[in-house]
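Here is a quick walk through a fold, with the sheets up front and the aromatic rings after that. Keep the structure open while you read.

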Amino acid sequence: MIYTKYSKLNVIKLKSHVETVSFQVLRHAIQKNPSNVIYCEAEGKIYGIISGGDIERDYFAGRDYVTINKNFTWLYPNESMKAREIFHEKANINVIPVIDKEGVLLGDYKRWDKLNL
């Protein structure tokens, strides 16, 4: 199992630590780089994630924004076996961000990685 490099991820760079992202900003990000997960960075570090499920829930709740999930599972590079364990144990986790010791986003592990099947 390998992780997807940062350059392939859908990342929104936030100007400050905010709680939500507007649908307009999300629409632009998804049109630019279609993805099931959007990473949010603030001050050069991972701040939170937004999943397709988060977008769907807030849309059908009638909101014009999506709340950023700041409580998420993450791993360091070379923890692919731990990623496999998490994917096996937790059916609701499909992507795990990979960060360095300073909290900088490096990439992610995906449940559907060819090498994970």
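## Aromatic pairs

Two rings of Phe, Tyr or Trp (taking the six-membered ring of Trp) count as a pair if their centres lie within 6.5 Å, and planes over 60 degrees apart make the pair edge-to-face. This is a predicted model, and a search through the whole of it turns up four aromatic pairs. One of them is Tyr59 with Phe60: the ring centres are 5.2 Å apart and the planes sit at 80°, so this pair is edge-to-face. Both Tyr59 and Phe60 are exposed. Another pair is Trp74 with Tyr76, also edge-to-face, with 5.1 Å from centre to centre and 70° between the planes.

What does Phe23 join up with? Ring pairs tie Phe23 into a cluster with Tyr59 and Phe60. As for the Trp74 and Tyr76 pair, Trp74 has a relative accessibility of 37%, which makes it partly exposed. Tyr76 is partly exposed as well, with a relative accessible area of 24%.

## Lysines over rings

Tyr76 has a charged visitor too: Lys101 lies over the face of its ring, at 4.2 Å from the ring centre. Over at Tyr3, Lys5 does a similar job of covering the ring face, at 5.5 Å from the ring centre.

## The mixed sheet

Now for the strands. In general, the strands of a sheet pair through backbone hydrogen bonds, either parallel or antiparallel. Here, one open sheet has three strands in the order β2-β4-β5, and its pairing is mixed. Strands β2 (11-14) and β5 are at the edges with a single partner strand each, so one side of each has no neighbour in the sheet. From one strand to the next, the twist averages 25°.

Which way do β4 and β5 run, parallel or antiparallel? Strand β4 (residues 37-42) and β5 run antiparallel, and six bridges join them. Along that pairing, Tyr39 stands opposite Ile49 of β5, and Cys40 stands opposite Gly48. The two strands make a hairpin with two residues between them, and Glu43 in the turn has a positive phi of about 55°.

## What surrounds β5

Is β5 mostly enclosed or open? Five of the seven residues in this strand (residues 45-51) are buried, so β5 is largely enclosed by the rest of the structure. Helix α2 (residues 52-60) lies across β4 and β5, and runs at about 60° to β5.

## A look at Val37

Val37 is a handy residue to click on in strand β4. Its relative accessibility is 11%, and since buried means under 20%, Val37 counts as buried. Setting aside neighbours within four places in sequence, Val37 is in contact with Asn10, Ile49, Ile50 and Val95. Val37 and Ser51 are 14 residues apart in sequence, yet their C-alpha atoms are 4.5 Å apart in space.

## The antiparallel sheet

There is also an open sheet of three strands ordered β1-β8-β7, with antiparallel pairing. Its edge strands are β1 (4-5) and β7 (95-99), and each of these pairs on one side only.

How many bridges join β7 to β8? Five bridges link β7 to strand β8 (residues 105-110), and the two run antiparallel. If you want a spot to check on screen, take Pro97: its bridge partner in β8 is Asp108.

Conventions:
Residues are numbered from 1 along each chain as its sequence is written. This is a predicted model: local features need pLDDT of at least 70, side-chain atom pairs count only at pLDDT 80 or more; totals for chains, interfaces and linings use all residues. Side-chain values use heavy atoms; hydrogens and water are left out. Buried means under 20% relative accessible area, exposed over 50%, partly exposed in between (1.4 Å probe, protein chains only). Helices (H or I, at least four residues) and strands (E, at least two) are DSSP runs, numbered from the N terminus. Two strands pair if DSSP finds at least two bridges between them. Axes are lines fitted to C-alpha atoms, for helices over the stretch in contact, and angles run from 0 to 180 degrees between N-to-C directions. Contact means heavy atoms within 4.5 Å. Rings of Phe, Tyr and Trp (its six-membered ring) pair if their centres lie within 6.5 Å; planes under 30 degrees apart count as stacked, over 60 as edge-to-face and the rest as tilted. A charge sits over a ring if NZ of Lys or CZ of Arg is within 6 Å of the ring centre and within 35 degrees of the ring normal.
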